[in-house]
Amino acid sequence: MAEKSVLVTGASSGQIGAALVVAFQQKGFTVFAAVRDPEKAADLSKLQSVHILNLDLTSEASIAEAVEFVQARTSGKGLDVLMNSARVEFVMPLVDSSIVEGKRLFDINIWGTLAMVKAFTPQLIRNRGVVVNMSSIAGLVNTPWLGLYAASESALNTMGETLRLELAPFHVRVLTLVTGCVQADIYKKPGEFQLPPKSIYSRIVSTLADTAEGKLDPEMTPAEIYASRVVADVLKEKTGLVYRGNIATIIRIASWLPSILLDGMLSAKRGLDELAKLERKGKNWLRSAMIISSGTFGVQPGRGTQPQVSGNGPR
Ligand SMILES: NC(=O)c1ccc[n+]([C@@H]2O[C@H](COP(=O)([O-])OP(=O)(O)OC[C@H]3O[C@@H](n4cnc5c(N)ncnc54)[C@H](OP(=O)(O)O)[C@@H]3O)[C@@H](O)[C@H]2O)c1
């Protein structure tokens, strides 16, 4: 596929997209590195055959400009590979998640990806090209605190596989990279993670912060190694779901387990057992308080089931 072109979204320095830009460039591709802030692609701009492209996936105008930019810089030939790597992720219990933030997440991860595919389809059909969507193992299993991100990745898998069928008659391949753990600047810094006030999870906030800071994650595959495997997948004309990055295959196999086994594996160390224990303790304390108040201090009539403690109360 020498002298072909690829557009990689989410190519800011420190992200997997940046490693993909380098890996494709080393294989002789003309590369369009798409970023929101060109300063974050300063290193890539020094590489031969790499064009930095301003792109915001939430802006139709920005996507239309990207289509024109690629068309012009490939002398009208257009794109061969569209690599959708940009996304947003956040760690938050579902009931604490902001709907506004959740919609933004889907606007970027799902609608942004589809908007790019739609915009580049004419060029990809002309060139019998490839769409590569990066998704995550989070979309295969139910991991506490990753609910919204995981839901978007699960939707990406379904969307990618459906697109594969729908674009096959036009000889456009669709590859969905179900990605495991890969080194990238994705974690919150210590002290950054916060729950909303009065969260029902505030008693395990430190465990949630550990999740957001990546302290519970296994070893990460270096981004360069991951990127060179992905480029090989594209060159080998792979299609459909492909599992890459640390623990991707393990999670794929684990996803076939019955939920009675899987739930325990995925909830381990996520604070849910601890929270259940604290809840049980709280209820026991309440029950003891009620027994004490009814036996020793007496329950005031007409106040429902709330313990009404008079005197010094339980210590
Ligand atoms: N790292 C992992 O372990 C891992 C695991 C599973 C799956 N993945 C998948 O691999 C891909 C890349 O992951 P990553 O870890 O490098 O991701 P990341 O750190 O979250 O970076 C994503 C990139 O998306 C860009 N982006 C966010 N909103 C955008 C918007 N509105 N328009 C255009 N670009 C936008 C960001 O740009 P700014 O720099 O401007 O913010 C950033 O460069 C993602 O699709 C992810 O789902 C990664």
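**Figure 1. Helices lying on the sheet.** In this predicted model, helix H3 (residues 99–126) lies across strand E1 (5–9), strand E4 (81–84) and strand E5. Its direction runs at about 175 degrees to that of E4. Helix H4 (residues 147–167) also packs on the sheet, where it touches E5, strand E6 (173–179) and E7. Between the directions of H4 and E6 the angle is about 160 degrees.

**Figure 2. The open sheet and its two edges.** Here we follow the strands across the sheet. Seven strands make up this open sheet, and their order is E3-E2-E1-E4-E5-E6-E7. The pairing is parallel. Strand E3 (50–54) and strand E7 (240–244) stand at the edges; each has a single partner strand, so one side of each is left without a neighbour in the sheet. From one strand to the next, the twist averages 20 degrees. At the E3 edge, strand E2 (residues 30–35) pairs with E3 in the parallel sense over five bridges. If you would like a pair to look for, Ala33 stands opposite Ile52 in E3.

**Figure 3. Helix H1, mostly covered.** Ten of the eleven residues of H1 are buried. Among them are Ile16, Leu20, Val21, Val22 and Phe24, and the buried set also includes Gly17, Ala18, Ala19, Ala23 and Gln25. What do these buried residues pack against? Their partners are E1, E2, E3, E4 and helix H6 (223–235). Just past the helix, take a look at the backbone: H1 is followed by Gly28, which has a positive phi near 90 degrees.

**Figure 4. The shell around the ligand.** There are 28 residues around the ligand, and those that come nearest are Gly10, Ser12, Gln15, Ala86 and Ala184. Which elements give two or more residues to this shell? They are helix H1 (16–26) and strand E5 (130–136). By residue class, the shell divides into twelve nonpolar, nine polar and seven charged residues.

**Figure 5. Two loop residues with positive phi.** This view pairs two backbone details that are easy to miss. Ser49 is not a glycine, yet has a positive phi of about 65 degrees. The residue is found in the loop between E2 and E3. Is Ser49 buried or exposed? With 12 other C-beta atoms within 10 Å, Ser49 is exposed, because a residue with 12 or fewer such neighbours counts as exposed. Ile247, also a residue other than glycine, has a positive phi near 60 degrees. Its place is the loop between E7 and helix H7 (248–254). Ile247 has 17 C-beta neighbours inside 10 Å and therefore counts as partly exposed.

**Figure 6. The whole chain, and where to read with care.** The protein chain has nine helices and seven strands. Of its 315 residues, 34% count as buried. Among contacts with a separation of 6 or more, 70% come from residues 24 or more positions apart. The average pLDDT of the chain is 91, and 90% of the residues score at least 70. Which stretch calls for care? Over residues 297–315, pLDDT stays under 50. For that stretch the model has 19 contacts beyond four places in sequence. Where pLDDT is low, the predicted coordinates should not be read in detail.

Key
Residues are numbered from 1 along each chain as its sequence is written. This is a predicted model: local features need pLDDT of at least 70, side-chain atom pairs count only at pLDDT 80 or more; totals for chains, interfaces and linings use all residues. A residue is near a molecule or strand if its C-beta atom, placed from the backbone, lies within 6 Å of it. Helices (H or I, at least four residues) and strands (E, at least two) are DSSP runs, numbered from the N terminus. Ala, Val, Leu, Ile, Met, Phe, Trp, Tyr, Cys and Pro count as nonpolar, Asp, Glu, Lys and Arg as charged, and the others, Gly among them, as polar. pLDDT is the predictor's confidence in each residue, from 0 to 100. Two residues are in contact if their C-beta atoms, placed from the backbone, lie within 7 Å. Two strands pair if DSSP finds at least two bridges between them. Axes are lines fitted to C-alpha atoms, for helices over the stretch in contact, and angles run from 0 to 180 degrees between N-to-C directions. A residue is buried if 20 or more other C-beta atoms lie within 10 Å of its own, exposed if 12 or fewer, and partly exposed in between; C-beta atoms are placed from the backbone.
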